[in-house]
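Got the viewer open? Here's a short walk through the model, one selection at a time.

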Amino acid sequence: EKSLAFLQENTALPCVFDADILYAKELPALLCERSKVAAPTVLTPHPKEFCALLKNCGLGSFSVPQAESERNNLVQAFCQKYENTVLLLKGATVVIGNKAAGKEAELFFNPHGSSALAKAGSGDVLAGLVVSLLSQNFPALAAAQTASLAHALSGSSVHPNFSLTPERLIEALSNY
């Protein structure tokens, strides 16, 4: 609760929301506030977290297979509701959505993912990359796109990739 209170008091700080916070009932209100001030905000859910996020945000109740089959429409619906918020939906093909003020929602796709990245800790590396880029004043959309591409290329460069660990993934990042 202390971290949520801090975020509620500091809505303009750049943030990456990942893991358990995506289930927080207070998140939709926080996203609305951050959207109003155009704070650099990136959410990085995997499909199960995305389902919980959609439900919390009043966008519907979906099973993982339903969300997977409708992911482009659901990412777009989320971005329509939370302007100035970047959603990076993890998966074999990453979908990145964003709606800048006064513009249509845009979707971007990173098809370079692999099953090697579907391992514990890999998403933490991705979130860390986004945080690193935001701390260097990258715009939120550029941070999500750049981090996603570097993450995917690093994952595919490690052989054999079936035994990819976060440590090996981080080592491979030095090539990009």
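Start by selecting Cys 32, which is partly exposed, with a relative accessible area of 33%. Keep in mind throughout that this is a predicted model.

**The cysteines**

With Cys 32 still selected, look for the closest cysteine sulfur: that one sits in Cys 57, 8.0 Å away, which is too far for a bond. Now pick Cys 51. Is Cys 51 buried or exposed? Cys 51 counts as buried, because its relative accessibility is 9%. For Cys 51, too, the closest cysteine sulfur belongs to Cys 57, and at 12 Å the gap is too far for a bond. A disulfide would need the two sulfur atoms within 2.5 Å, and the structure holds zero of them.

**Zoom out**

Colour by secondary structure next. The protein chain has eight helices and five strands, and reading along the sequence you get α-β-α-β-α-α-α-β-β-β-α-α-α. Show the C-alpha atoms alone and they fill a box of roughly 45 × 35 × 35 Å along the principal axes. The radius of gyration is 15 Å, which agrees with the value near 16 Å for a compact globule of 176 residues.

While you're zoomed out, switch on the surface. About 8700 Å² of the protein chain is accessible, and carbon and sulfur atoms account for 56% of that. Buried residues make up 46% of the 176 in the chain. If you draw contacts between residues at least 6 apart in sequence, 51% of them join residues at least 24 apart. Colour by charge and you'll find 13 positive and 15 negative side chains, with the centres of the two sets 3 Å apart.

**Helix H3**

Select residues 47-56, which form helix H3. How many of the 10 residues in H3 are buried? Eight are, so call this helix mostly covered, going by the under-20% cut-off for buried. The buried set is Pro 47, Glu 49, Phe 50, Cys 51, Ala 52, Leu 53, Leu 54 and Asn 56; you already met Cys 51 on the cysteine stop.

To see what does the covering, add helix H2 (27-36), strand E2 (41-43), helix H4 (64-69), helix H5 (71-81) and strand E3 (85-89), which are among the elements packed over the buried residues of H3. Then step past the end of the helix to Gly 58, which follows H3 and has a positive phi, near 75°.

**Strand E2 and the loop before it**

From the elements around H3, pick out E2 and select Thr 41, which lies in that strand. Thr 41 counts as buried, with a relative accessibility of 0%. Show its contacts, skipping neighbours within four places in sequence, and you'll light up Cys 15, Phe 17, Leu 31, Arg 34, Thr 85, Val 86 and Ala 140.

Now select Pro 40, in the loop between H2 and E2. Pro 40 counts as partly exposed, at 26% relative accessibility. With sequence neighbours within four places left out again, Pro 40 is in contact with Ala 12, Leu 13, Pro 14, Cys 15, Arg 34, Leu 134 and Ala 140. Cys 15, Arg 34 and Ala 140 should look familiar from the contacts of Thr 41.

For a long ruler line, join the C-alpha atoms of Pro 40 and Pro 160: the two are 120 residues apart in sequence and 36 Å apart in space.

**Arg 71 in H5**

Go on to helix H5 and select Arg 71. What is Arg 71 in contact with, leaving aside its neighbours within four places in sequence? Its partners are Leu 89, Thr 93 and Val 95. Put a ruler on the first of these: Arg 71 and Leu 89 are 18 residues apart along the chain, with 8.5 Å between their C-alpha atoms.

**Two positive phi angles**

Finish with a pair of backbone oddities. Select Ala 19, in the loop between strand E1 (15-17) and H2. Ala 19 isn't a glycine, yet its phi is positive, about 60°. At 30% relative accessibility, Ala 19 counts as partly exposed.

The last selection is Asn 137, in the loop between helix H6 (122-135) and helix H7 (140-157). Asn 137 isn't a glycine either, and its positive phi is about 70°. Is Asn 137 buried or exposed? Asn 137 counts as exposed, with a relative accessibility of 68%.

Definitions and conventions:
Residues numbered from 1 in each chain as written. Predicted model: local features only at pLDDT ≥ 70, side-chain atom pairs only at ≥ 80, totals over all residues. Heavy atoms only, no water. Helix = DSSP H or I, 4+ residues; strand = E, 2+ residues; numbered from the N terminus. Rg over C-alpha atoms; globule rule 2.2 N^0.38 Å. Buried < 20%, exposed > 50% of the residue type's maximum accessible area, 1.4 Å probe, protein only. Contact = heavy atoms within 4.5 Å. Areas by Shrake-Rupley, 256 points an atom, 1.4 Å probe, with all protein chains shown as cover. Lys, Arg positive; Asp, Glu negative; His and termini not counted. Charge placed at Lys NZ, Arg CZ, Asp CG, Glu CD.
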